[in-house]
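Let's take a walk through this one together, starting with the whole chain and then stopping at a handful of residues. Keep the viewer open as you read.

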Amino acid sequence: MSIAEIKAEISHMTLDEKAEIVRAIGWEYDAWDLQMIEDGKPGGRLALLREEALTELRDGTAERWP
């Protein structure tokens, strides 16, 4: 498998699958990385913020960034 093929497949992986690849390569996530993974899962703090932002964008109530 080529690097280009691997990169293409990564975009289809879940966060857990990506974490498994990183562990297989031998890289270790630090505490911040692990927290971001947890927060990004459904129901997590980051996931809730993302849903709130998307709702505001759809409703036209999002504040514009300077």
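Before counting anything, a word on terms: helices here are DSSP runs of H or I with at least four residues, strands are E runs of at least two, and both are numbered from the N terminus. By that definition the chain has four helices and zero strands. Read from the N terminus on, the order is simply α-α-α-α. The radius of gyration comes out at 16 Å, while the globule rule gives 11 Å for 66 residues, so the chain is more spread out than a compact globule. If you prefer a box, the C-alpha atoms fill one of roughly 45 × 30 × 25 Å along the principal axes.

Keep in mind that this is a predicted model. How confident is the predictor in the chain on average? The mean pLDDT is 90, and 100% of the residues score at least 70. Among the elements, helix α4 (residues 45–59) has the highest mean, at 95, and helix α2 (residues 15–25) the lowest, at 88.

Now for the surface. Of the 66 residues, 11% count as buried. The chain exposes about 6,000 Å², and 59% of that is supplied by carbon and sulfur atoms. As for charge, there are 8 positive and 15 negative ones, and their mean positions sit 3 Å apart.

Time to zoom in. Find Gly40, which belongs to helix α3 (residues 31–40). Is Gly40 buried or exposed? With a relative accessible area of 13%, Gly40 is buried, because the cut-off for that label is under 20%. Setting aside residues up to four places away in sequence, Gly40 touches Leu46, Ala47 and Arg50. Glu52 is twelve residues from Gly40 in sequence, and their C-alpha atoms are 13 Å apart in space.

One of those partners, Leu46, is worth a stop of its own. Leu46 lies in helix α4. Its relative accessible area is 38%, so Leu46 counts as partly exposed. Which residues does Leu46 contact, leaving aside neighbours within four places in sequence? The answer is Met36, Asp39 and Gly40. For Met36, ten residues away along the chain from Leu46, the C-alpha separation is 7.6 Å.

Back in helix α3, have a look at Leu34. Leu34 has a relative accessible area of 45% and is therefore partly exposed. Pick Ala19 as a reference point: Leu34 and Ala19 are 15 residues apart along the chain, with 9.2 Å between their C-alpha atoms.

Finally, jump to Ser2, in the segment before α1 (3–10). Ser2 is partly exposed too, at 32% relative accessibility. How far apart in space are the C-alpha atoms of Ser2 and Gly60? The distance is 43 Å, for a pair 58 residues apart in sequence.

To tie the tour together, keep two pictures in mind. One is the overall layout, four helices and zero strands, in a chain more spread out than a compact globule. The other is the contact between Gly40 and Leu46, where Gly40 is buried and Leu46 is partly exposed.

Notes. Residues are numbered from 1 along each chain as its sequence is written. This is a predicted model: local features need pLDDT of at least 70, side-chain atom pairs count only at pLDDT 80 or more; totals for chains, interfaces and linings use all residues. Side-chain values use heavy atoms; hydrogens and water are left out. The radius of gyration is taken over C-alpha atoms; the globule rule is 2.2 Å times the number of residues to the power 0.38. Buried means under 20% relative accessible area, exposed over 50%, partly exposed in between (1.4 Å probe, protein chains only). Accessible areas come from the Shrake-Rupley method with a 1.4 Å probe; for residues, only the protein chains shown count as cover. Lys and Arg count as positive and Asp and Glu as negative; His and the chain ends are not counted. The place of a charge is taken as NZ of Lys, CZ of Arg, CG of Asp or CD of Glu. pLDDT is the predictor's confidence in each residue, from 0 to 100. Contact means heavy atoms within 4.5 Å.
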